[in-house]
Amino acid sequence: MATPQLHMQTLFRLDAEGRIACTREPVSMRGPVFWLARGRVDCAWAVRRDTPTHIALELANLARAEPAGTEFRAPPVHERRYRSLVEGEVVSGPAFDFPASVTEQAGVVFVDDVDRLLTHFPDWREEEVAGRMPIAAVEQDGSAVSVCCCARSSAQAAEAGLETASEFRGRGLAARVTSAWALAVRASARTPLYSTSWDNKESLAVARKLGLDLYASAWSINDGVSREPPRAAAPY
């Protein structure tokens with residue numbers, strides 16, 4: 001079962017004090033300065049470890065007072081105070097859980113060779129392939145045209161990273177590879193997760209088509225130094 005805490009622990013490596021050390025991906029990034037997820041019954045939050053102690057403590061105290069609930073599109077109660085403490089870009093979006101039954105998809109293959117990805121996704125690197133598996137794909141002429149992989153992962157869960165080549169969009173391929181990826185993640189005894197930003201209409205459409213369950217909303221402040229990877233499903 002997906003929870004804000006599971007989501008956080010899948011996205012980030014936390015240090016002994018519970019602060020964000022880096023992101024959980026083959027080539028780790030610094031992560032956001034502050035990250036908060038509000039779920040139906042509880043919340044989870046973390047502050048990056050290079051944040052001054054007095055600011056980190058105040059952010060944590062405010063986050064501790066955030067109410068849970070289902071008003072996922074609403075900003076956090078303490079949004080203005082967070083933004084007065086930390087400068088940076090604010091990013092927010094929904095987090096989804098997969099239904100108990102996920103439909104198996106025909107015509108989807110699993111890729112472990114970077115050469116099958118490079119034609120339409122030239123930013124892939126050989127050294128990241130192992131850390132992104134399982135990599136579900138629909139191929140044309142031996143090259144992947146739609147891919148769902150692990151944007152970030154832990155021993156308990158994996159976050160979907162989804163890419164479809166522009167000329168192949170609108171054909172339902174994204175939903176097919178995402179379904180296959182979710183089944184493969186479950187077969188590895190982990191929980192598949194899917195998140196995006198509120199303004200990513202295409203990604204939200206995939207979530208609706210798959211009947212995903214909205215269980216939380218994430219909100220973060222990024223300082224402009226920490227870039228998120230291109231395969232992240234959402235920029236937080």
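Trainee: What makes β9 and β10 a parallel pair in this predicted model?
Mentor: Two strands pair if there are at least two bridges between them. β9 and β10 have three bridges, in the parallel sense. One position to look at is E159, which stands opposite L193 in β10.

Trainee: How do you know that β5 and β10 pair, and in which sense?
Mentor: The cut-off is again at least two bridges. Strand β5 (residues 89-97) and strand β10 (residues 191-195) share three, and the sense is antiparallel. F96 has Y194 as its bridge partner in β10. D97 has L193.

Trainee: Where does β10 sit in the sheet?
Mentor: Between β5 and β9, in the order β4-β3-β11-β5-β10-β9-β8-β7-β6. The sheet is open, has nine strands and shows mixed pairing.

Trainee: Why are β4 and β6 called edge strands?
Mentor: β4 (43-47) and β6 (109-110) each pair on one side only. Helix α1 (residues 4-11) packs on the sheet, and β4 and β10 are among the strands it touches. The direction of α1 makes about 150° with that of β3.

Trainee: What makes β10 mostly covered?
Mentor: Buried means under 20% relative accessible area. Five of the five residues of β10 are buried. T191, L193 and S195 point one way, P192 and Y194 the other.

Trainee: Which residues does Y194 contact beyond its sequence neighbours?
Mentor: Contact means heavy atoms within 4.5 Å. Leaving aside neighbours within four places in sequence, the contacts of Y194 include F96, F98, E159, L162, T178 and V206. Y194 is also one of the residues that touch the most other members of the largest nonpolar core, which has 38 residues. W124 and W181 are in that group too. Helix α5 (173-187) gives the most to this core, eight residues.

Trainee: What does the second core include?
Mentor: Y82, V86, W219 and I221 are among its 15 residues, and this core is separate.

Trainee: How do you know that the span of helix α2 agrees with its length?
Mentor: Helix α2 (residues 53-64) has 12 residues. At 1.5 Å a residue, it should span 16 Å. The end C-alpha atoms are 16 Å apart, so the two agree.

Trainee: Why do the buried residues of α2 count as one face?
Mentor: I55, A56, L59, A60, L62 and A63 are buried. Seen down the axis, the buried residues fall within an arc of 165°, so they line one face. They pack against β3, β4 and α3 (79-85).

Trainee: Which exposed residues does the face turned away carry?
Mentor: Exposed means over 50% relative accessible area. That face carries T53, H54, L57 and R64.

Methods
Residues numbered from 1 in each chain as written. Predicted model: local features only at pLDDT ≥ 70, side-chain atom pairs only at ≥ 80, totals over all residues. Heavy atoms only, no water. Helix = DSSP H or I, 4+ residues; strand = E, 2+ residues; numbered from the N terminus. Axes fitted to C-alpha atoms, helices over the stretch in contact; angles between N-to-C directions. Expected span 1.5 Å × (residues − 1). Buried < 20%, exposed > 50% of the residue type's maximum accessible area, 1.4 Å probe, protein only. Arc of directions from axis to C-beta. Core = buried A, V, L, I, M, F, W, Y, C linked by side-chain atoms within 4.5 Å.
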